[in-house]
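Morning, everyone. Please have a look at the sequence and the fold on the screen, and then I'll walk you through a few spots.

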Amino acid sequence: FQAEDGIRDKLVTGVQTCALPISELAHHTILFGSDYRREFAELTGRGVPASDPTVYLALTCRTDPADAPAGGENWFVLVNAPPLGPGVDWRAEGVADRYRELVLDRVRAFGIEPGDPAVSRTFTPVDLAERTGAARGALYGPSSSRAMAAFERPKNRDAAVRGLYYVGGTTHPGGGVPMVMLSGRSEEHTSELQSLAYLVCRLLL
């Protein structure tokens with residue numbers, strides 16, 4: 001999905017560390033909104049947060065108990081959010097907090113009680129933009145929904161500066177931890193091959 005300017009929809013994330021075990025959730029859980037078309041019409045058409053968002057929950061403590069306090073859980077809560085623009089001002093007082101509560105209410109609607117977290121932190125596209133320089137708070141960069149989008153991503157190797165490579169979710173092969181790791185590995189191999197070719201040329205000369 002994409003907005004009219006081709007910028008991919010972004011994310012609001014929250015991290016909760018809960019002092020007590022409060023659920024039987026798996027490592028990964030997706031809670032789908034009731035109307036997916038409306039959700040993305042709000043995100044990409046109107047540029048506003050979804051009123052009934054699809055929610056992704058990750059409890060990494062299910063795989064590695066050391067990620068949470070003893071007897072507790074760690075929650076990573078993720079929803080789609082629109083690109084930074086006039087539709088929502090995340091800096092305005094109470095906006096992020098109110099939307100955080102809306103998201104948690106969606107979780108409760110599925111019969112899952114988040115409880116009272118010992119530590120809670122909310123990240124919006126504003127935070128992502130300020131911390132990483134991502135354009136308009138884009139986690140994945142330009143939209144990948146169009147047929148040729150993969151070929152329009154920024155190239156990994158800089159055309160002007162020798163030895164400069166770009167890796168991450170906004171370059172090839174794409175977003176997500178596995179893709180980012182492949183991106184880095186690919187450029188590592190490319191760099192090694194270039195160094196080897198340079199060494200061979202020096203030896204031959």
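Let's start with one side chain. Tyr36 has a relative accessible area of 39%, so it counts as partly exposed. Keep in mind that this is a predicted model.

What does the ring of Tyr36 pair with? One partner is Phe32. The two ring centres are 6.3 Å apart. The planes stand at 70 degrees, which is over the 60 degrees needed, so we call the pair edge-to-face. Add Phe40, and ring pairs link Phe32, Tyr36 and Phe40 into a cluster.

How many aromatic pairs does the count come to? Three. One of them is formed by Trp90 and Tyr99. That pair is edge-to-face as well, with 5.9 Å from centre to centre and 70 degrees between the planes. Trp90 and Tyr99 are both buried, whereas Tyr36 is partly exposed.

Trp90 takes us to the core. The largest nonpolar core has 23 residues. Which members touch the most others? They are Val55, Leu57, Trp75, Trp90 and Val107. Four elements give two or more residues each: helix H1, residues 36–46; strand S3; strand S4, residues 73–81; and helix H2, residues 95–109. H2 provides the largest share, with five residues.

Now the strands. S3 covers residues 55–58. On one side, S3 pairs with strand S2, residues 28–31. The sense is antiparallel, over four bridges. In that pairing, Thr29 stands opposite Leu57 of S3.

S2 has two faces. Thr29 and Leu31 make up the covered one. His28 and Ile30 sit on the uncovered one.

S3 also pairs with S4. Again it's antiparallel, with four bridges. Here Tyr56 has Leu78 in S4 as its bridge partner.

Is S4 largely enclosed or open? Largely enclosed by the rest of the structure, because eight of its nine residues are buried.

Last stop, Leu57. What is Leu57 in contact with, once we leave aside neighbours within four places in sequence? The list starts with Leu25, His27, His28, Thr29 and Leu31. Then come Trp75, Phe76 and Val77, plus Val107. Two of those names, Trp75 and Val107, we met a moment ago: they are with Leu57 among the core members that touch the most others. And Thr29 is the residue opposite Leu57 in the S2 and S3 pairing.

That's my tour. Over to you.

Methods:
Residues are numbered from 1 along each chain as its sequence is written. This is a predicted model: local features need pLDDT of at least 70, side-chain atom pairs count only at pLDDT 80 or more; totals for chains, interfaces and linings use all residues. Side-chain values use heavy atoms; hydrogens and water are left out. Buried means under 20% relative accessible area, exposed over 50%, partly exposed in between (1.4 Å probe, protein chains only). Two strands pair if DSSP finds at least two bridges between them. A nonpolar core is a set of buried Ala, Val, Leu, Ile, Met, Phe, Trp, Tyr and Cys residues joined through side-chain atoms within 4.5 Å. Contact means heavy atoms within 4.5 Å. Rings of Phe, Tyr and Trp (its six-membered ring) pair if their centres lie within 6.5 Å; planes under 30 degrees apart count as stacked, over 60 as edge-to-face and the rest as tilted.
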